[in-house]
Amino acid sequence: MDIRMVFLDIDGTLVHDRRLVPSAHRVVRGLQNNGIEVALCTGRSVLHGRKVQAELGVRHCVYFNGALTYSKGHIIQSFPLSAAVVQRMISFTKRYKLPLILHTTESAVTFESIPGQFRPLLDAYDFPPIQVIEETEWSCDSQSVFQSNVLLTPDWDDRVRAKFPECLLYRWDFHAIDLQKGSCDKSVGAQILLSHLGIRPDQAIHIGDGGNDIPLFQQVGISVAMGNAAPDVQKQASLVTTTVEEDGVLRACQSLGLLK
């Protein structure tokens, strides 16, 4: 196999119970030593994923489910939400009293304190500090928002999709969704990075565990689902490895001959 790039999801793939699995360092270091590029490819924000990127020494990242792509510290492509869409999100969530978090490259902002019932959820995903500001301090025209989190249950999904047809809705918990620009997903950000580095999609592998990994599974040469992924995600992958607790990423790389 001529593999030149490995894309890695974070939560449920490299991170378990808010911590990197110990083998994550071995995987990244080993792949890089073997001349294989490594990129994180995640639904996390830049603030949310930067610590993992720095700890692992990864030079390339696809954040916000493909809405923002970094290479060696530089943004090579971005797909922020329009100011008009963000303003509609603010109005919609305010009207129905739904907690809203807006993500830029430098901050996570909300206009009302997040209710205590949601703190365990945010803590489980090791969310970055959320800044509570007055709505009058915010300007949709001067801030680039790449993703919003809305804390609501699945019975809201159809209504939200109808209200924001230009957005991609990704549900990552029973109580939470991501909303971002509908024209992008992980496969879009990954393809931009591959083109930037001169690597073909068939020379890439992606390893992940979520529904947001499926578009990229369908674009790369080899796709690997974690053993803890849902059955419908596993069905979309070329291979299924062990769970995150069982060093699934390391075992996948070993079985593919990328690492010893």
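1. Let's start at a turn in the sheet: Asp173 stands opposite Ala176 in strand S13. Please keep in mind that this is a predicted model. A hairpin of 2 residues joins S12 to S13, and the two strands run antiparallel, with 6 bridges between them.

2. On its other pairing, S13 (residues 176–181) meets strand S11 (residues 147–150), again in an antiparallel arrangement, this one with 3 bridges. Two pairs are handy to look up here. Ser148 stands opposite Leu179 of S13, and Asn149 has Asp178 of S13 as its bridge partner.

3. Now step back to the whole sheet. How many strands form it, and in what order? There are 6 strands in an open sheet, ordered S10-S9-S8-S11-S13-S12, and the pairing is mixed. Strand S10 (131–132) and strand S12 (167–173) stand at the edges; each has a single partner strand, so one side of each has no neighbour in the sheet. As general background, strands of a sheet pair through backbone hydrogen bonds, either parallel or antiparallel.

4. How much of S13 is buried? Of its 6 residues, 5 are buried, so the strand is largely enclosed by the rest of the structure. Helix H3 (residues 83–95) lies across S13, and also across S11, S12 and strand S8 (100–103). Relative to S8, H3 runs at about 160°.

5. Asp9 deserves a visit of its own. This residue sits in the loop between strand S1 (5–8) and strand S2 (15–16). Is Asp9 buried or exposed? Its relative accessibility is 5%, and it counts as buried because the cut-off for that is under 20%.

6. The side chain of Asp9 makes polar contacts with two other side chains: that of Thr13 at 3.0 Å and that of Lys186 at 3.1 Å. Leaving aside residues up to four places away in sequence, Asp9 touches Leu14, Cys41, Thr42, Lys186, His206, Ile207, Gly208, Asp209 and Asp213.

7. Lys186 leads on to helix H6, which covers residues 186–197. H6 has 12 residues and reaches 17 Å from its first C-alpha to its last, close to the 16 Å expected at 1.5 Å a residue. Which residues of H6 are buried? They are Lys186, Ser187, Gly189, Ala190, Ile192, Leu193 and Leu194. So the Lys186 that contacts the side chain of Asp9 is itself a buried residue of the helix. After H6 comes Gly198, which has a positive phi near 70°.

8. Positive phi values also turn up outside glycine, and two loops are good places to see this. Asn65, in the loop between strand S5 (60–63) and strand S6 (68–71), has a phi near 55°. Asn65 is buried, with a relative accessible area of 2%. Lys72 has a positive phi of about 55° too, although it is not a glycine. Lys72 is found in the loop between S6 and strand S7 (74–78).

9. If you would like a short route through the model, begin with S13, which pairs with S11 and S12, and then look at H3 lying across these strands. From there, go to Asp9 in its loop and follow its side-chain contact to Lys186. Finish at the two loops that hold Asn65 and Lys72.

Definitions and conventions:
Residues numbered from 1 in each chain as written. Predicted model: local features only at pLDDT ≥ 70, side-chain atom pairs only at ≥ 80, totals over all residues. Heavy atoms only, no water. Helix = DSSP H or I, 4+ residues; strand = E, 2+ residues; numbered from the N terminus. Buried < 20%, exposed > 50% of the residue type's maximum accessible area, 1.4 Å probe, protein only. Polar contact = N/O pair within 3.5 Å; in protein donor to acceptor, adjacent residues only side chain to side chain. Contact = heavy atoms within 4.5 Å. Pairing = 2+ DSSP bridges. Axes fitted to C-alpha atoms, helices over the stretch in contact; angles between N-to-C directions. Expected span 1.5 Å × (residues − 1).
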